[in-house]
Each structure stands twice: as C-alpha cells, then as structure tokens.
Amino acid sequence: MSEVHQSGGHEDRKLSPELHAMWRMENKGDTKNQSKEEKQQHRKKMREQLEALSETDKTALRRRLQAKWDALPAGEKQKITERLSKLAEGKGPKEKKEKGKGKRKGKKGAASAE
C-alpha cells in the first residue's frame, strides 16, 4: 500500500491503517492492568519511537509488518479490516458499549402477573 492511505489522504501517515494495527498489536505491551494514564503514556512513547525511526528503518518496519499482515489468515484480516472501517466511520468501542445503555432486560410486570 502506498504511503498515502487510499481513502484518507493522510500525507503524514507513517503506516497504512492495516500496518498500524499490526504495529499496535506487536507493541501493545502488558497494559492490561494499567491505568488509563499509564496506557496513554505507553502509546505516546511508542509513537515517539516510531517518529524517531530513520527512513531506512521505517522501510524495513513496513516490509516486516506487511509480511506479518500477509501471513495472517483471511478471517483475522477481515476482523481487523472491519474494526478499522468502524473506527473510520466513528463507531468506536465506546459507542458499542453505550448502545444498550438504559435498556433493562428484566421481567417487568412478572410480579403483577401472579
């Protein structure tokens, strides 16, 4: 994929969305039990490291990530691509969680039926 993402036109993009997803998975680290601020610091540190790479290193990184992407099973690629397209549409994970908010799935009126 070219340096400029086909649909977004992000000229300053270092990696395509698919390669960026691979890079994030690779550099996720052990953030599961970290606070929101610690996770943000980790992501900031990783972005700074990516920015600091030389062009030669960036090219090597793109090739390595592309090889990993190409090696993924088709179903896994599809999941990642669908998640990226939802994020691009503005339907992130937070929106998904809030979707069912306010709706109770209880047995309303069950007590009155007796």
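Helices and strands are taken here as DSSP runs, of at least four residues for a helix and at least two for a strand, numbered from the N terminus. On that basis, the secondary structure of this predicted model amounts to five helices and zero strands. Followed along the sequence, the pattern reads α-α-α-α-α.

A few overall values help to set the scene. Of the 114 residues in the protein, 18% are buried. The accessible surface is about 9,500 Å², and carbon and sulfur atoms account for 49% of that surface. Contacts also link parts of the chain that lie apart in sequence: among those between residues at least 6 apart, 49% join residues at least 24 apart.

One helix pair is a good place to look at packing. Helix α1, residues 17-26, packs with helix α3, residues 55-71, at an angle of about 90°, and the two axes are 9 Å apart. Because angles of 65 to 115 degrees count as roughly perpendicular, α1 is described as roughly perpendicular to α3. On the α1 side, the contact involves Glu 18, Leu 19, Met 22, Trp 23 and Glu 26. Their partners in α3 are Leu 61, Arg 62, Arg 64, Leu 65, Gln 66, Lys 68 and Trp 69. Sorted by character, the residues of this contact comprise six nonpolar, one polar and five charged.

Beyond α1, the chain enters the loop that leads to α2 (36-52), and Thr 31 is found in this loop. Is Thr 31 buried or exposed? Its relative accessibility is 11%, and because buried means under 20%, Thr 31 counts as buried. With neighbours within four places in sequence left aside, Thr 31 is in contact with Lys 39 and His 42.

His 42 offers a view of the same meeting point from the other side, since its place is in helix α2. With a relative accessible area of 22%, His 42 is partly exposed. Apart from neighbours within four places in sequence, the contacts of His 42 are with Asn 27, Lys 28, Gly 29 and Thr 31. For Asp 30, which is 12 residues from His 42 along the chain, the C-alpha atoms of the two residues are separated by 9.8 Å.

Further along, helix α4 spans residues 74-88 and has 15 residues. From its first C-alpha to its last, α4 reaches 21 Å, close to the 21 Å expected at 1.5 Å a residue. After α4 comes Gly 90, with a positive phi near 90°.

Definitions and conventions: Residues are numbered from 1 along each chain as its sequence is written. This is a predicted model: local features need pLDDT of at least 70, side-chain atom pairs count only at pLDDT 80 or more; totals for chains, interfaces and linings use all residues. Side-chain values use heavy atoms; hydrogens and water are left out. Axes are lines fitted to C-alpha atoms, for helices over the stretch in contact, and angles run from 0 to 180 degrees between N-to-C directions. Angles under 35 degrees count as roughly parallel, over 145 as roughly antiparallel, 65 to 115 as roughly perpendicular and the rest as oblique. Contact means heavy atoms within 4.5 Å. Ala, Val, Leu, Ile, Met, Phe, Trp, Tyr, Cys and Pro count as nonpolar, Asp, Glu, Lys and Arg as charged, and the others, Gly among them, as polar. Buried means under 20% relative accessible area, exposed over 50%, partly exposed in between (1.4 Å probe, protein chains only). Accessible areas come from the Shrake-Rupley method with a 1.4 Å probe; for residues, only the protein chains shown count as cover. The expected span of a helix is 1.5 Å times one less than its number of residues.
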